[in-house]
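Reader: I am new to this structure and would like a close look at a single part of it, with enough of the surroundings to see where that part sits. Could you take me through the charged pairs and what lies around them?

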Amino acid sequence: MGEREQKKHSGTSANPAYPDKLGFRTYLGTTAMSLTDAMGAALMTSWFMVYLTDYAGLGAFGAVVGSSILLFSRIFDAVNDPLEGWIMDRAKVGKHGKYKPFIILSILLTSVGISCLFFVPAGTHVVLTCLWVIFFYLVYDVGASFYAPNLVYRTLTLDPNQRGKMMIAPRFVSMLLGMITAGLIGIVNAVDAGIGDMHTSFGLTVTALIGITAILSLLGISLVREKHHAPREESGSKTRVRLRDFFLLLKENKALRVRILDMTFSGFIWTFLFATMLYYIKWGLCTDLTTGQVDSDAYGVYSLVSSMMMFLPLLLGTAIAVPLMKKAGSPMRFHRILLLLQAAPCGLLFLFQVIGVLRSTPALFFLCTAITAVAVGCDFIPGESINIECMDYEIYQNGKDRSALCNAFNKFINKAQSALAGSLIGFLLVAIGYVVDSRTGDFAGDITRIPHMLTWFIVIMGLLPCLFGLIAWLVTRSYPVTDEIRSQMKEQLLP
């Protein structure tokens with residue numbers, strides 16, 4: 001096979017001046033392969049609980065089943081994620097690469113799990129229904145954990161800017177599918193017009209959607225060709241990944257230690273901010289504090305604005321991240337700048353609340369949250385690039401490809417943060433006596449507690465994210481990968 005054919009086959013650039021530049025084929029493949037995971041995540045986030053309570057035949061018991069499964073899954077992930085990481089790192093580089101087979105397995109398990117979770121057999125005994133849901137949720141969860149695109153990205157190129165570009169389209173796809181699935185019930189209703197059974201219509205609709213994305217994802221992964229693997233990976237048993245390597249990672253990989261500590265704090269900026277945003281909008285910007293009555297029109301408008309702010313700034317941030325990261329010189333330098341840009345507006349939210357101008361000036365509220373959202377959107381690209389760089393650093397330091405174990409740490413932290421943020425808000429609402437008239441939507445508790453409640457909301461969405469962002473900024477000062485080490489890593493990993 002000639003040089004031109006080899007480059008065409010691998011999806012890399014034919015320009016010898018940029019041997020590690022990726023071609024359109026690779027970008028198309030990595031984007032398409034993300035469709036099943038993105039569709040599954042969107043469906044589970046938006047509709048899983050609704051389906052269990054309204055369409056699976058479980059009624060109110062569906063909420064208990066759903067909540068219990070989501071709680072149990074975090075415990076399951078604590079064991080499952082590192083175990084799957086070990087399995088992936090233990091695999092050998094074969095004809096189709098090292099990580100591609102696991103992406104294929106993820107696509108198949110995710111599509112089967114989602115289809116069965118949203119197509120519970122009708123008329124089944126409640127115990128059997130629960131067992132069905134539990135089993136196929138575990139199928140879905142295992143499949144989702146095997147989807148580790150960063151591992152594939154690491155093998156495709158050693159250029160952090162090229163890696164960043166690969167993440168843009170999948171990020172857009174994830175947002176787009178989230179918007180599409182938000183209107184899922186409209187599609188289900190259209191299907192039901194010809195069937196007359198919402199249970200069956202829901203299952204058929206979800207199965208069709210996840211089936212289409214699975215086919216496209218399998219076609220996408222077929223276009224991807226892995227390239228860079230650990231040079232000493234196949235040299236003998238001493239370099240093979242062992243299960244105890246999961247614990248050795250934190251001891252031996254300083255880059256990963258710093259990144260995990262960084263994520264432990266910086267990851268809460270987004271989750272805390274948007275977990276409380278709608279609560280503050282309703283009670284701080286749309287409620288008469290003397291009566292507890294909510295201005296429904298204003299709440300509708302401000303809620304729409306906030307939902308757009310969860311999409312448009314993230315979209316903008318993702319679009320401009322790669323050229324800005326290139327100007328910054330490295331993913332970590334850009335990430336540290338963005339940490340300050342996330343922390344500062346959150347701190348201003350808290351300050352404006354304390355001095356009493358936030359409620360009377362909604363523009364200040366939305367300006368601060370918009371700036372934070374843009375910075376969070378930008379930070380996705382350098383953040384994921386740093387995660388991949390920690391995998392490179394492990395190979396550079398120890399000669400072992402423990403990339404999947406590195407990735408397992410990151411995935412578990414993200415899942416745990418989301419669960420903790422939701423639990424914290426729930427605890428706060430119980431503690432302050434949160435009572436709402438379900439008929440009118442107005443506050444039905446002691447209205448004198450509303451200002452106290454608003455202060456706590458701003459502590460969670462303003463003060464804590466500000467402090468966490470500053471702590472993360474200080475932590476990242478000790479990140480060990482310099483420009484010199486980065487060049488050495490690239491030289492070592494080149495084939």
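Author: The protein has 20 helices and zero strands, and what you are looking at is a predicted model. Of its 495 residues, 51% count as buried, while the accessible surface comes to about 21600 Å², with 68% of that area belonging to carbon and sulfur atoms. Among the contacts with a separation of 6 or more, 81% are between residues 24 or more positions apart, and the charged pairs you ask about give several examples of residues that are distant in sequence and meet in space.

Side chains of opposite charge can pair when their charged atoms come close. In this protein the count comes to six salt bridges, and a good place to begin is D392, whose side chain meets that of R154 in a salt bridge with an N to O distance of 3.6 Å. Since D392 belongs to helix α17 and R154 to helix α8 (residues 149–156), the pair ties together parts that are 238 residues apart in sequence. Buried means under 20% relative accessible area, so D392, at 5%, counts as buried, and R154, at 0%, is buried as well.

D392 also forms a salt bridge with R163, and here the closest N and O atoms are 2.6 Å apart. This second pair again links distant parts of the chain, with D392 in helix α17 and R163 in helix α9 (residues 160–182), 229 residues apart. R163 has a relative accessible area of 3% and is therefore buried.

Helix α17 carries a further acidic residue of interest, E389, whose side chain meets that of R486 in a salt bridge at 2.5 Å, N to O. E389 in helix α17 and R486 in helix α20 (residues 483–493) are 97 residues apart, so that this pair, too, links distant parts of the chain. With a relative accessibility of 5%, E389 counts as buried, and R486, with a relative accessible area of 14%, is buried too. The pair does not stand alone, for R333, E389, D483 and R486 are linked in a network of salt bridges.

From these charged residues one can turn to the nonpolar ones. In soluble globular proteins, nonpolar side chains tend to be buried together. The largest nonpolar core here has 51 residues, and those with the most contacts inside it are M88 and Y479. Helix α17 (residues 362–398) gives the most to this core, with eight residues. Y479 brings the two topics together, because its contacts, leaving aside neighbours within four places in sequence, are A255, V258, M332, I386, E389 and C390, and E389 is the residue that pairs with R486. Apart from this core lies another, of 32 residues, which includes W47, F48, Y140 and V188.

Two of the helices already touched on, or lying around them, deserve a little more attention. Helix α9, which holds R163, is also the place of L177, a residue that counts as buried at 8% relative accessibility. Not counting residues up to four places away in sequence, L177 touches L35, A38, M39 and A42, and the C-alpha atoms of L177 and A42 are separated by 6.8 Å although the two residues are 135 residues apart along the chain.

Helix α16 (residues 331–354) has 24 residues and reaches 35 Å from its first C-alpha to its last, close to the 34 Å expected at 1.5 Å a residue. Q353 is found in this helix and is buried, with a relative accessible area of 15%. Its contacts, not counting residues up to four places away in sequence, are Y280, L358, R359, L454, T455 and I458. Just after α16, G356 takes a positive phi of about 85°.

For contrast with these buried residues, one may look at the surface, where V126, V127, L128 and L131 make a nonpolar patch of about 350 Å². V127 lies in helix α7 (residues 126–146) and, at 47% relative accessibility, counts as partly exposed.

How values were computed: Residues numbered from 1 in each chain as written. Predicted model: local features only at pLDDT ≥ 70, side-chain atom pairs only at ≥ 80, totals over all residues. Heavy atoms only, no water. Patch = residues over 30% accessible without salt bridge, like charges linked within 9 Å, V, L, I, M, F, W, Y side chains within 5 Å. Areas by Shrake-Rupley, 256 points an atom, 1.4 Å probe, with all protein chains shown as cover. Helix = DSSP H or I, 4+ residues; strand = E, 2+ residues; numbered from the N terminus. Buried < 20%, exposed > 50% of the residue type's maximum accessible area, 1.4 Å probe, protein only. Expected span 1.5 Å × (residues − 1). Core = buried A, V, L, I, M, F, W, Y, C linked by side-chain atoms within 4.5 Å. Contact = heavy atoms within 4.5 Å.
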